[in-house]
Amino acid sequence: MYAIETEGLTKFYGKDRGIIDLDLRINEGEIFGFIGPNGSGKTTTIRLFLCLLFPTSGSGKIFNYDIVKDSPRIKKNVGFIPTEVNYYENMTVKELIEYSASFYNISLDRHFDQLIDALDLDLARKIEDLSMGNKKKVAVVQSLIHNPRLLILDEPTSGLDPLIQNHLFDILNKQNEKGTTIFFSSHVLGDVEKFCHRVAFIKDGRIVNEDDINSLKKKLLSRISYRIKEGKDDITLQTPGIISLEKNKNSTSFLYKGELSILLKELSQLSIENITITEPDLEEVFIHYYESDSREEDN
Amino acid sequence: MNLNLFLRELKNNLKGTVLTSFIVVLYIAFSLLIYSSMKENISRITDFYYLMPESFQVAFNFHINQWDNVLGYYVTYFVYFVPIITGCYSIILGAKILSKEEQNKTAEFLLSRPISRNQIISSKLLTLFIHILGINLLAFLTGLIGCGIVSDWEFNIKSLVILHTYGCLICLLFGLIGFFITVVMKRAKAISGIGIGIILVTYFFDVMIRVFGKVQFLLYLTPFKYINIEAHSQDYSFDTWRLIYFIGISGLLIVLSYVFYRRKDILV
């Protein structure tokens with residue numbers, strides 16, 4: 001049995017595309033990354049899973065239950081963290097979590113206290129007084145209080161500072177160790193890379209590829225930007241794997257696919273004033289990812 | 001029905017209901033307080049009343065010749081204002097009770113809990129009914145005590161019950177109209193303006209029917225016409241066709257609300 005299984009799942013908003021022919025199979029216990037740029041159909045997919053939207057065609061199952069017909073039964077076993085947290089503003093954090101817990105007929109136990117401690121949440125504060133990051137923390141707690149079998153996360157790290165992001169990943173990893181399947185939607189490749197077992201790429205409403213994380217890592221690019229000290233010469237880099245090289249006076253920027261240590265060794269010969277190694281934007285990743293994929297297929 | 005959602009909704013909308021009840025109770029109490037002095041000066045009021053154009057008399061429905069009976073007097077005030085005030089609140093509450101979840105984007109939270117759409121509709125509708133019944137019950141009790149005091153309990157209580165039942169039915173109908181409109185709206189939003197507009201337009205239709213008999217077709221468009229206001233008459237009772245109208249349309253709106261909401265895309 002799959003945790004999530006879809007067949008030709010399609011959603012159109014009138015004439016506007018949501019998602020088209022989505023075929024997914026996610027195993028129980030897996031951490032599945034769902035990555036795509038904004039507007040690619042990630043949130044539509046999640047809203048179909050949660051039955052906020054109805055499919056135009058195709059079908060979906062969660063734990064073998066139909067996402068439309070058996071929605072309430074499915075949701076007993078699902079925790080959800082939305083991109084943008086919109087809760088009842090006049091409630092306190094505690095009231096909101098208790099209200100959420102009441103739908104599962106559970107009382108708040110030690111597991112809840114641990115979550116509150118880990119995320120450093122003030123239960124007495126009103127939702128309307130919380131920052132975006134703190135609202136996200138509330139979302140994390142309410143998604144986990146009933147120990148769900150499946151966690152659906154829609155851009156869970158947005159609005160969280162790096163320290164809390166790490167806490168979140170720790171919490172999620174522990175939850176996964178208990179057997180919880182995690183559906184992790186994001187447009188941040190780095191998050192998916194360090195957290196997921198398998199990844200699907202969605203673009204313009206269609207799944208364009210699925211990969212396990214190890215083969216993804218081999219194809220991933222880094223954006224390297226450096227500036228040479230005033231009066232010093234730059235050189236033409238010989239390390240293979242350099243793409244889209246741009247030079248401007250003392251500054252150089254390019255995409256790199258390969259072992260970073262090899263490149264850094266070559267760069268160490270230069271008088272570099274500063275250097276940054278970042279994740280390229282998703283559009284760039286898509287372009288080069290598919291270029292390399294199609295080249296591999298041609299060979 | 002989901003008890004948690006129901007209890008939360010019940011508490012959430014209490015302020016508006018208490019305020020509306022307060023206005024209605026005050027209005028009825030004040031109207032009945034001045035009954036004695038009105039009755040004492042009935043001949044002068046009648047003279048003044050008949051100075052007004054006939055169409056005006058008909059439009060405003062002052063059954064001044066019935067004012068010797070407290071119910072005849074009460075009907076004049078009841079028919080005009082109480083169903084309009086409570087109707088306005090009911091249609092706004094009906095429109096708000098579901099749409100606020102979509103407007104405030106909390107629908108995403110609610111619908112990601114283990115709760116069916118039917119349970120959401122049932123919980124919200126039950127809340128709506130209880131609030132409307134609460135206001136109407138308070139209005140009835142005020143009317144009952146007020147009429148009793150000013151007439152030394154010499155009036156037909158059953159007639160008052162029937163009159164207020166019509167008042168309650170029209171409120172329920174307006175509440176359901178508001179509710180249904182937001183169910184069928186693609187992106188639900190509060191429709192206070194539209195709601196009040198519906199009440200005023202349907203009330204205006206009722207006036208038109210009374211003033212211009214030729215526009216009887218408007219009968220189908222105004223629930224006000226279906227309130228039997230002959231409360232002072234001896235054989236005042238429930239008319240089956242009036243009950244069928246209210247219960248039939250209300251029932252239809254309830255069924256359609258379930259049907260449409262079950263397949264509605266929630267676009268938050």
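Trainee: Let's start with F49(A): is F49(A) buried or exposed?

Mentor: Keep in mind that this is a predicted model. Anything under 20% relative accessible area counts as buried. F49(A) has a relative accessible area of 2%, so F49(A) is buried. F183(A) is buried too, at 0% relative accessibility.

Trainee: How do I read two rings such as F49(A) and F183(A) as a pair?

Mentor: You describe a pair of aromatic rings by the distance of the centres and the angle of the planes. Over all chains there are 23 aromatic pairs. For F49(A) and F183(A), the centres are 5.3 Å apart and the planes make an angle of 80°, an edge-to-face pair.

Trainee: Which parts of chain A does the pair of F49(A) and F183(A) tie together?

Mentor: F49(A) sits in helix α1 (residues 42–49) and F183(A) in strand β8 (residues 181–186) of chain A, so the pair ties together parts that are 134 residues apart in sequence.

Trainee: Where else in chain A can I practise, say with Y226(A) and F254(A)?

Mentor: Y226(A) and F254(A) are edge-to-face as well, with 6.5 Å centre to centre and 80° between the planes. Here Y226(A) belongs to strand β11 (residues 222–228) and F254(A) to strand β13 (residues 251–256) of chain A, so the parts joined are 28 residues apart in sequence. Y226(A) is buried at 2% relative accessibility, and F254(A) is buried at 0%. Over in chain B, ring pairs join Y166(B), Y226(B), F238(B), W241(B), Y245(B) and F246(B) into a cluster.

Trainee: Back to F183(A): which residues does F183(A) touch?

Mentor: Leaving out residues up to four places away in sequence, the contacts of F183(A) include I4(A), L24(A), I26(A), F32(A), F34(A), I46(A), F49(A) and L150(A).

Trainee: And how should I read the largest nonpolar core?

Mentor: Look for the members that touch the most other members. The core has 148 residues, and those best-connected members are L24(A), V138(A), V141(A), I152(A), F183(A) and F246(B). Helix α6 (residues 70–103) of chain B gives the largest share of this core, 17 residues. Another core lies apart from it, with nine residues, among them I228(A), Y256(A), L263(A) and L267(A).

Trainee: What about chain A as a whole: how many helices and strands are there?

Mentor: Chain A has ten helices and 14 strands. Buried residues make up 52% of its 299 residues. Take the contacts in chain A between residues at least 6 apart in sequence: 69% of them join residues at least 24 apart. Along the principal axes, the C-alpha atoms of chain A fill a box of roughly 70 × 45 × 35 Å.

Trainee: What does the surface of chain A look like in numbers?

Mentor: Chain A exposes about 14,000 Å², and carbon and sulfur atoms supply 45% of that area. As for charge, chain A carries 37 positive and 47 negative side chains, and the centres of the two sets lie 2 Å apart.

Trainee: Last one, backbone angles: why look twice at a positive phi?

Mentor: Because most residues other than glycine have a negative phi. C51(A) is not a glycine, yet C51(A) has a positive phi of about 65°. C51(A) is in the loop between α1 and β4 (57–62) of chain A, and C51(A) counts as buried at 4% relative accessibility. N147(A), also not a glycine, has a positive phi of about 50°. N147(A) lies in the loop between α5 (132–144) and β7 (150–154) of chain A, and N147(A) is partly exposed, at 39%.

How values were computed: Residues numbered from 1 in each chain as written. Chains lettered and ligands numbered in written order. Heavy atoms only, no water. Core = buried A, V, L, I, M, F, W, Y, C linked by side-chain atoms within 4.5 Å. Buried < 20%, exposed > 50% of the residue type's maximum accessible area, 1.4 Å probe, protein only. Helix = DSSP H or I, 4+ residues; strand = E, 2+ residues; numbered from the N terminus. Contact = heavy atoms within 4.5 Å. Areas by Shrake-Rupley, 256 points an atom, 1.4 Å probe, with all protein chains shown as cover. Lys, Arg positive; Asp, Glu negative; His and termini not counted. Charge placed at Lys NZ, Arg CZ, Asp CG, Glu CD. Phe/Tyr/Trp six-rings, centres within 6.5 Å; stacked < 30°, edge-to-face > 60°.
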